[in-house]
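Q: Could we work through how to read burial, contacts and salt bridges in a model of this kind?

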Amino acid sequence: MAKLGNIPPYKIDGPVTIEVEYSTRHTPAPDAAGLAPGSEMVDARTIRYRGKDFMEAWVRSRRF
């Protein structure tokens with residue numbers, strides 16, 4: 001903690017894509033998720049979220 005002020009924050013430059021893959025065949029990706037702005041259904045288990053930066057993509061991925 002003594003070095004906290006000397007370490008710059010980690011920054012991820014945009015645009016950013018986050019892919020969420022549901023891990024079981026018994027829990028398919030929610031169909032409605034593909035309809036959210038900045039998101040798309042990749043296949044039956046995977047949803048891709050895009051944003052201008054990490055926080056925008058992350059917030060979109062947390063809707064479902």
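**Reading burial and salt bridges**

A: Let us begin with arginine 60, which counts as buried because its relative accessibility is 19%, under the 20% limit that defines the class. Please keep in mind throughout that this is a predicted model.

Q: Where is arginine 60 placed, and which residues does it touch, not counting residues up to four places away in sequence?

A: Arginine 60 sits in helix H1, and with those sequence neighbours left out, it touches Pro37, Gly38, Tyr49, Arg50 and Gly51.

Q: How does tryptophan 58 count in terms of accessibility?

A: Tryptophan 58 also has its place in helix H1, which covers residues 54-61, and it counts as partly exposed because its relative accessibility is 38%. The C-alpha atom of tryptophan 58 is 7.3 Å from that of isoleucine 18, although 40 residues separate the two along the chain.

Q: Is proline 15 buried or exposed?

A: With a relative accessible area of 72%, proline 15 is exposed, and its place is in the segment before strand E1 (16-21). Leaving aside neighbours within four places in sequence, proline 15 is nevertheless in contact with Gly51 and Lys52. Its C-alpha atom is 9.4 Å from that of glutamate 56, a residue 41 positions apart from it in sequence.

Q: How many salt bridges does the structure hold, and what separates the partners in sequence?

A: The structure holds 7 salt bridges. One of them joins the side chains of aspartate 13 and lysine 11, with an N to O distance of 3.3 Å; aspartate 13 is exposed at 56% relative accessible area, and lysine 11 counts as exposed at 64%. In another, glutamate 21 pairs with arginine 45, the closest N and O atoms being 2.7 Å apart. That pair links distant parts of the chain, 24 residues apart, since glutamate 21 lies in strand E1 and arginine 45 in the loop between strand E2 (39-43) and strand E3 (46-51). Glutamate 21 is exposed at 53%, whereas arginine 45 counts as partly exposed at 29%.

Q: Which parts does the salt bridge between glutamate 40 and arginine 50 tie together?

A: The closest N and O atoms of glutamate 40 and arginine 50 are 2.5 Å apart. Glutamate 40 lies in strand E2 and arginine 50 in strand E3, so this pair ties together parts that are 10 residues apart in sequence. Glutamate 40 counts as partly exposed at 29% relative accessibility, and arginine 50 is partly exposed at 40%. Through shared partners, salt bridges join Glu19, Glu40, Arg48 and Arg50 into one network.

Key:
Residues numbered from 1 in each chain as written. Predicted model: local features only at pLDDT ≥ 70, side-chain atom pairs only at ≥ 80, totals over all residues. Heavy atoms only, no water. Helix = DSSP H or I, 4+ residues; strand = E, 2+ residues; numbered from the N terminus. Buried < 20%, exposed > 50% of the residue type's maximum accessible area, 1.4 Å probe, protein only. Contact = heavy atoms within 4.5 Å. Salt bridge = Lys/Arg side-chain N within 4 Å of Asp/Glu carboxyl O.
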